[in-house]
Amino acid sequence: MSQASQIKKNFELSSALSNFILDNPNTLKNMPSNASIVAFSEHDESLNKANDIMIDGLLSEGTVVIKAQESKEEKTGWKFTSIFPS
Amino acid sequence: MSSKRFRRKRSHKRPSSMVNMLRAIKESASAKVKVREIRHTYQLTETDRISYVYQASEDDTVVEVTCVSYELLVADKWYTAVYYDNCHGGILHRHVQLSIEKNLDMPNIYGVKQKGTSKELLTWANNDLRRRYPNYRTGFFRKNRQYIKDHRIDI
């Protein structure tokens, strides 16, 4: 996946996620601070694969990552997982 | 006979009910709303990210857009290509980065949403970045072309 394509798709996803967080401010209360949020699509596997590689890079730099998975099965529409660097 | 000798001095004392009312108004005006700063960072690629910093009150109402920014990684350092804030007077405005070398930016309000709650302004800034980030990205590299060339930075 090209960088331009990844940016565009991630912009769309993160925009939807940030609007969700604004409407549901309790969402991130139990999550670590100073973390980078990476959004994952429910259907776009190529984007998810590129974002997985990006997460590996962030973890290797010592950045805490919050993985936000788009999921219609969840009541909120998103599932959050915190990943800490080893 | 002069009327001044027999003029009664008016009492300048306010009724106690008015004193209490004025005290209550003064106390409510000086009571500060407790706010907390909230920060999110969304990673778009290894070299692009969006950051949100805003102030929210105790009931999670957005009261100020501190900074909504689109940032680029150049030579292992993050630079802000453009950011929005409404810290001064509540008016949302855009800052466009002009120079990495001198850390200069240019504020403007062209096409920026002016009216609305802080939450609406925050959402608007988010959507504007989503629509126009290619322009901001291209503009950033064009404005700093010489600096990038002089320092032989790979982009």
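Start by selecting B:Arg39 and B:Val53: B:Val53, in S2(B), is the bridge partner of B:Arg39. Helices and strands here are DSSP runs (H or I of at least four residues for helices, E of at least two for strands), numbered from the N terminus. This is a predicted model, in which local features need pLDDT of at least 70 and side-chain atom pairs count only at pLDDT 80 or more, while totals for chains, interfaces and linings use all residues. Residues are numbered from 1 along each chain as its sequence is written, chains are lettered from A and ligands numbered from 1 in the order in which they are written, and side-chain values use heavy atoms, with hydrogens and water left out.

**Stop 1: the hairpin**

Now show S1(B) and S2(B) in full. The two strands run antiparallel, joined by 9 bridges, and they form a hairpin with 4 residues between them. Two strands are said to pair if DSSP finds at least two bridges between them.

**Stop 2: across the chain boundary**

Keep S1(B) and add strand S1 of chain A, residues 35-40. These two strands pair in the parallel sense, over 2 bridges. For one residue pair to click on, take A:Ile37, whose bridge partner in S1(B) is B:Tyr42.

**Stop 3: the whole sheet**

Zoom out and colour the strands in the order S3(A)-S2(A)-S1(A)-S1(B)-S2(B)-S3(B)-S4(B)-S5(B)-S6(B). Together they make an open sheet of 9 strands with mixed pairing. At its edges sit strand S3 (78-83) of chain A and strand S6 (104-108) of chain B, each pairing on one side only. From one strand to the next the twist averages 25 degrees. (Axes are lines fitted to C-alpha atoms, for helices over the stretch in contact, and angles run from 0 to 180 degrees between N-to-C directions.)

At the chain B edge, select strand S5 (residues 93-99): 5 bridges join S5 to S6(B), and the two run antiparallel. There, B:Arg94 stands opposite B:Asn108 in S6(B).

Next, bring up helix H1 (residues 3-23) of chain A, which packs on the sheet. H1 touches S1, S2 (64-70) and S3 of chain A together with S1, S2 and S3 of chain B, and its direction makes about 10 degrees with that of S2(B). Add helix H2 (residues 45-60) of chain A, which also packs on the sheet, touching S1, S2 and S3 of chain A together with S1 of chain B. The direction of this H2 makes about 165 degrees with that of S1(A).

**Stop 4: the interface**

Select residues in contact across the chains (heavy atoms within 4.5 Å). You should find 25 residues from chain B and 28 residues from chain A. The chains bury about 2,200 Å² between them, 60% of it on carbon and sulfur atoms; buried area is the accessible area (1.4 Å probe) that two parts lose on being put together, summed over both. Highlight B:Tyr42, B:Gln43 and B:Leu44, which supply 27% of the area that chain B buries against chain A, more than any other three residues.

**Stop 5: the charged pairs**

How many salt bridges link chain B and chain A? The count is 2, taking a side-chain nitrogen of Lys or Arg within 4 Å of a carboxyl oxygen of Asp or Glu. Select B:Arg130 with A:Glu12, whose side chains meet at 3.5 Å, N to O. Then select A:Asp23 with B:Lys119, a salt bridge whose closest N and O atoms are 2.7 Å apart. A:Asp23 lies in helix H1 of chain A and B:Lys119 in helix H2 of chain B, so this pair joins two chains.
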